[in-house]
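Thanks for making time for this today. I would like to take you slowly through one protein chain, starting with its overall outline and ending with two of its residues.

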Amino acid sequence: MPHIIHARVTASVTELKRNPMGTMAAGQGAAVAILNHNAPAFYCVPAAAYEAMLNMIEDAELNAIADARMNSPEIAVTLDDL
């Protein structure tokens with residue numbers, strides 16, 4: 001059965017166990033697809049890339065909230081009300 005692999009670099013679970021940091025380094029800062037029986041089992045993602053993904057997800061969630069509120073009625077507020 002064919003699989004789509006979302007990484008330029010792949011490694012087996014055995015390779016990851018043998019040399020985890022070397023396997024990550026092979027990805028040169030990008031995710032490494034870890035294969036089990038020639039099928040993707042999971043992705044090893046460097047901390048910086050993971051943090052960037054979380055920031056992008058948070059930005060998308062905040063944009064969705066802003067878009068949902070864009071047509072809400074405005075409420076006049078003075079500084080004294082705060």
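What follows is a short walk through this model, from the whole chain down to a single helix.

Please keep in mind from the start that what you see is a predicted model. The protein chain contains three helices and three strands, and if you follow the sequence from its beginning, these elements come in the pattern β-α-α-β-β-α.

Let me turn to the overall dimensions. Along the principal axes, the C-alpha atoms of the protein chain occupy a box of roughly 65 × 30 × 15 Å. For a compact globule of 82 residues we would expect a radius of gyration near 12 Å, whereas the value for the protein chain is 21 Å. When we ask how much of the chain is covered, we find that 16% of its 82 residues count as buried. The accessible surface of the protein chain amounts to about 7,000 Å², and carbon and sulfur atoms contribute 58% of that area.

Two further properties belong to the chain as a whole. If we take the contacts with a separation of 6 or more, 31% of them join residues that are 24 or more positions apart. As for charge, the protein chain carries 4 positive and 9 negative side chains, and the centres of these two sets are 26 Å apart.

Now I would like to look at helix H2, which covers residues 20-26 and includes Thr-23. Is Thr-23 buried or exposed? Thr-23 has a relative accessible area of 9%, and because the limit for being buried is under 20%, Thr-23 counts as buried.

What does the side chain of Thr-23 reach? One partner is the backbone oxygen of Glu-15, at 3.4 Å, and a polar atom of the same side chain lies 2.8 Å from the backbone oxygen of Asn-19. If we set aside the neighbours within four places in sequence, Thr-23 is in contact with Ala-11, Glu-15, Leu-16, Val-32 and Ile-34, so Glu-15 appears here once more, within the cut-off of 4.5 Å that defines a contact.

Finally, consider Gly-22, which also has its place in helix H2. Gly-22 has a relative accessibility of 29% and therefore counts as partly exposed, whereas Thr-23 is buried. Gly-22 and Pro-46 are 24 residues apart along the chain, and their C-alpha atoms are separated by 12 Å.

Key
Residues numbered from 1 in each chain as written. Predicted model: local features only at pLDDT ≥ 70, side-chain atom pairs only at ≥ 80, totals over all residues. Heavy atoms only, no water. Helix = DSSP H or I, 4+ residues; strand = E, 2+ residues; numbered from the N terminus. Rg over C-alpha atoms; globule rule 2.2 N^0.38 Å. Buried < 20%, exposed > 50% of the residue type's maximum accessible area, 1.4 Å probe, protein only. Areas by Shrake-Rupley, 256 points an atom, 1.4 Å probe, with all protein chains shown as cover. Lys, Arg positive; Asp, Glu negative; His and termini not counted. Charge placed at Lys NZ, Arg CZ, Asp CG, Glu CD. Polar contact = N/O pair within 3.5 Å; in protein donor to acceptor, adjacent residues only side chain to side chain.
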